[in-house]
Amino acid sequence: MTNQIIDQIKLLAENNRSKFIEMRHHLHANPELSFEEFETSKFVKNQLIKIGITDIEHVANTGIVALIKGKNSEKKVIALRADLDALPILEQNDVMYKSNNLGVMHACGHDVHTTCLLGAAEILFNLRESFEGTIKLIFQPGEEKLPGGASLMIAENVLENPSPEAIFGQHVMPLIPVGKVGFKSGLYMASSDEIFIKVIGKGGHGAMPHLNIDPIVIAAQIIIALQQIVSRMASPIIPSVLSFGKINANGATNVIPNEVFIEGTFRTLDEKWRFDAHEKMIKMASLIAEGMGGKCEFEVRKGYPFLRNDEDLTSLAKHGAIEYLGNENVIDLDTWMAAEDFAYYSQIIPACFYRLGTRNEKKGIVSSVHTPTFDIDEDALNIGVGLMAYLAIKKLSN
Ligand code: NI
């Protein structure tokens, strides 16, 4: 049964190879920013209709949810997710499918994810007599922008009626050679919160510090002290990162400014510690500022939660990938302190977020995501399409 279904999927993927490449070129050439995926959403809907799928719904404005029903469709439901949005980056690739939307680019591979899910949809619809249960296709908007399209889709009940018992998502990974995929069981990606600190002192002449309250010295103390929250107060077994990337003090060699602005990011993999840490940071910064005669305003803009890959589901997916691609093409990944809004699904139902290799050094395809020269080896498309289809069927028959 396993071998037969794999052969059928591979054949369908191979027969549609040029169509998938064309789809990806269309999406890549026509990127849209987060929550503005109007044309992308129409394109997805039209493709689903062309496949023959009729159960299609709009969720969260530009999001699309569709159902593929196999035999005994009530029996079991699983979900597959792709994201639709692009980034505000000016593309520097010289390719025929270069972005037509100046300053907007699919630099995080969401064109690839959308193509892979559309491709998987085509295969699964063709094979719907070969499996039992329902596959829910989730095309979500706004992965790159807070509050995250996943949270909006969930608020609009995407995980209900029918409720999937598991969800898979895949993401391109330019560090992994094309042909391979990567998995990490358990804690995988971090929560991510933005920190904005305003340190308020009293400016004046640099020659007379005793008449002023120097916010730069206060800011320096705060930055050093806050590092002790991650090095001394965080449990050593919970990964935590606090980085400040921006300090703005508009004084001069002889001018002490009134205020200093500090911006940074806090990332971790534990929801309780995450919120404890926010409180500790606010208290420490405020007390330091106060102790030095100044004041401090501390804002935490909450981002996505951490992403946990369900152990059982990830084990099933990894074994599925070994069956589909061979042992040598499935690798284990480390925890990764970047954030991803797929995490919202993983907080609610068993989820597995895995990586699709897209790198090809010989062809010079090595650029990182979120850069103006990011691209993929398009041999990854058939793997992304076929593997997703196979994992859906494997989970339904589990
Ligand atoms: Ni992404």
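These are my notebook entries on the domains and the nickel site of this structure.

Entry 1, the model. I am working from a predicted model, in which local features need pLDDT of at least 70 and side-chain atom pairs count only at pLDDT 80 or more, while totals for chains, interfaces and linings use all residues. Residues are numbered from 1 along each chain as its sequence is written, and side-chain values use heavy atoms, with hydrogens and water left out.

Entry 2, the domains. I looked up the division of the protein chain and found domain 1 (2-188 + 305-397) and domain 2 (193-301), with bounds from an automatic or database domain assignment. Their C-alpha centres lie 39 Å apart.

Entry 3, the interface. I noted that nine residues of domain 1 are in contact with nine residues of domain 2, contact meaning heavy atoms within 4.5 Å. For salt bridges (a side-chain nitrogen of Lys or Arg within 4 Å of a carboxyl oxygen of Asp or Glu), the rule finds zero across the interface of domain 1 and domain 2.

Entry 4, the metal. I found the nickel ion coordinated by C108 (SG), H110 (NE2) and H171 (NE2), at 2.2 to 2.3 Å; donors are N, O and S atoms within 2.8 Å of the metal (3.2 Å for Na, K and Ca), and water is not among the atoms, so sites may look incomplete. Along the chain, the nickel donors follow the spacing C-x1-H-x60-H.
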